[in-house]
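Let's get to know this one by asking and answering a few questions. Have a look at the sequence and the model below, and then we'll start with one of the helices.

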Amino acid sequence: MQVYLVGGAVRDRLLGLPGGDRDHVVVGATVQQMLDLGYQQVGRDFPVFLHPKTQEEYALARTERKQGHGYTGFVCHAAPDVTLQQDLLRRDLTVNAIAEDEHGQLHDPYGGQADLEARVLRHVSPAFCEDPLRVLRVARFAARFHAQGFTIAPETQALMQQMTAAGELAHLTPERVWKEMEKTLLGPSPRVFFEVLRECGALKVLLPEVDALYGVPAPAKWHPEVDTGLHTMLVLDQACLLSPALTVRFAALCHDLGKGLTPPAFWPSHHGHGQKGLPLIRALCERLRVPNDCRDLALLVSDLHTHIHIAFELKPSTLLKVFDKADAWRRPERFAELLDACRADFYGRTGFEEKVYSQPDYVAEALAAAAAVPVKAIVDAGFKGEAIREQLAKRRVDAISRVRDEWTYDLP
């Protein structure tokens, strides 16, 4: 019985990156032997165990045979006669197919160390194309290791294109697609993920609403980059700089989906695109089982981001309606995320990265002033029922007006 550390833990150590989960493969053992040693079995489709002390995962060496469609259509064979080389052969990328034994010696039968040195993501074997989830995994790794200079091997890129063209991605479950998206959006360079998917045709299959934005022009005065797909990726870049929140980053991805519905005859104008995008966001979120908090912020940003951009032009009463619509009184944290997404939208334009954008700060101050209006003073003054709400709205408008006057006085 031999135990090897495998996968990401070995890869990241060789790259000098912080280690994450530690996974092990066990060669030459049976299920009963593992149980006798105190390991707890957790795998249903193949034998995976938790170490009795560290709780790290240990899996028996196995081979896989394709049977059916998708990433679940495999028959696994785990037995003492399965070799380390056979186990590593079933893995996705060469950089993930390096093992380290208990003495620290590396076992690298498929050239993973050379590909780490060359900064190349390359599939281990033609069996790569049997699992459509690997298209998304490669895109995620390309995003994760973008800062280290990694690129996808041309032959691997070609396989990903073939898999997409063959319709393999249709067999992915929504939960797995979203899980890969979620991991990527929380990472350092999610833009790369979507660009890789677009290059192999997968973006059109998995996120047609985003893919449709490429080639759609916007007014050059406000969007020097012109292309709305490119703008969306620039906004996503800015969202990552501004906020670690998954909700903000997802909202950045979805904020302009409505522009994909504008008839070419009306280009480059996109009147009402925020509202037109709402059904698209709902459909996307339902299709991929996106969490409600991500969906709700994306809807708010699509609906209200143009209002924030022109906040100084809005009447105080109109800005109050924005606060009401966003439920800013009960959800101030979510409203703050809306403002972060608006900042990302403004700065996510070529040449706008250093421009002054004061609107969110003004809006936040106006909200604070309006929220500070005391309801008790209105009740104490003798107002009742609907009159209380009317007086509260009036005093909130007055509070917003005072803030607006201060801001507009100081503006150049």
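Q: Which residues of H13 are buried?
A: This is a predicted model, so everything here is computed from it. Buried means under 20% relative accessible area. In H13, the residues that count as buried are His-273, Gly-274, Gly-277, Leu-278, Leu-280, Ile-281, Leu-284, Cys-285 and Leu-288.

Q: What covers the buried residues of H13?
A: Contact here means heavy atoms within 4.5 Å. Going by that, the cover over the buried residues of H13 includes four helices: H7 (174–185), H10 (208–211), H12 (246–254) and H14 (292–309).

Q: How far apart are the end C-alpha atoms of H13, and what span should its 16 residues have?
A: H13 runs over residues 273–288, and the expected span uses 1.5 Å a residue. The count taken is one less than the number of residues. That gives an expected 22 Å, and the end C-alpha atoms agree with it, being apart by 22 Å.

Q: Where does H13 bend?
A: The bend at a residue is the angle between axes fitted to the seven residues ending there and the seven starting there. For H13 that angle comes to about 30°, and the place is Pro-279.

Q: Is Ala-283 buried, exposed or partly exposed?
A: Ala-283 sits in H13. Partly exposed is the class between 20% and 50% relative accessible area. Ala-283 has 37%, so it is partly exposed.

Q: How many Å lie between Ala-283 and Pro-224, C-alpha to C-alpha?
A: Along the sequence, Ala-283 and Pro-224 are 59 residues apart. In space, their C-alpha atoms are apart by 30 Å.

Q: What is the phi of the residue that follows H13?
A: Most residues other than glycine have a negative phi. Right after H13 comes Arg-289, and its phi is positive, near 55°.

Q: Which peptide bond is cis, with omega about 0°?
A: Most peptide bonds are trans. A cis one turns up at Pro-268, which lies in the loop between H12 and H13. With omega about 0°, the cis bond joins Trp-267 and Pro-268.

Q: Is Gln-55 buried, exposed or partly exposed?
A: Gln-55 lies in the loop between strand S4 (48–50) and strand S5 (57–60). Its phi is positive, near 65°. Its relative accessibility is 41%, so Gln-55 counts as partly exposed.

Q: Is Asp-327 buried or exposed?
A: You'll find Asp-327 in the loop between helix H15 (316–325) and helix H16 (332–347). Phi is positive for Asp-327 too, near 55°. At 18% relative accessibility, Asp-327 counts as buried.

Q: Are H8 and H11 roughly parallel or roughly antiparallel?
A: H8 covers residues 190–199 and H11 covers residues 228–242; their axes are 8 Å apart and make an angle of about 155°. Angles over 145 degrees count as roughly antiparallel. H8 and H11 are therefore roughly antiparallel.

Q: How many nonpolar residues are in the contact of H8 with H11?
A: From H8 come Pro-190, Arg-191 and Phe-194, and they meet Leu-230, Met-233, Leu-234, Leu-236, Asp-237 and Cys-240 in H11. By class, two of the residues in this contact are charged, none is polar, and the nonpolar ones number seven.

Q: How many helices and strands does the chain have?
A: The chain has 412 residues, of which 50% count as buried. Its secondary structure comes to 19 helices and 11 strands.

Technical notes
Residues are numbered from 1 along each chain as its sequence is written. This is a predicted model: local features need pLDDT of at least 70, side-chain atom pairs count only at pLDDT 80 or more; totals for chains, interfaces and linings use all residues. Side-chain values use heavy atoms; hydrogens and water are left out. Axes are lines fitted to C-alpha atoms, for helices over the stretch in contact, and angles run from 0 to 180 degrees between N-to-C directions. Helices (H or I, at least four residues) and strands (E, at least two) are DSSP runs, numbered from the N terminus. Angles under 35 degrees count as roughly parallel, over 145 as roughly antiparallel, 65 to 115 as roughly perpendicular and the rest as oblique. Ala, Val, Leu, Ile, Met, Phe, Trp, Tyr, Cys and Pro count as nonpolar, Asp, Glu, Lys and Arg as charged, and the others, Gly among them, as polar. Buried means under 20% relative accessible area, exposed over 50%, partly exposed in between (1.4 Å probe, protein chains only).
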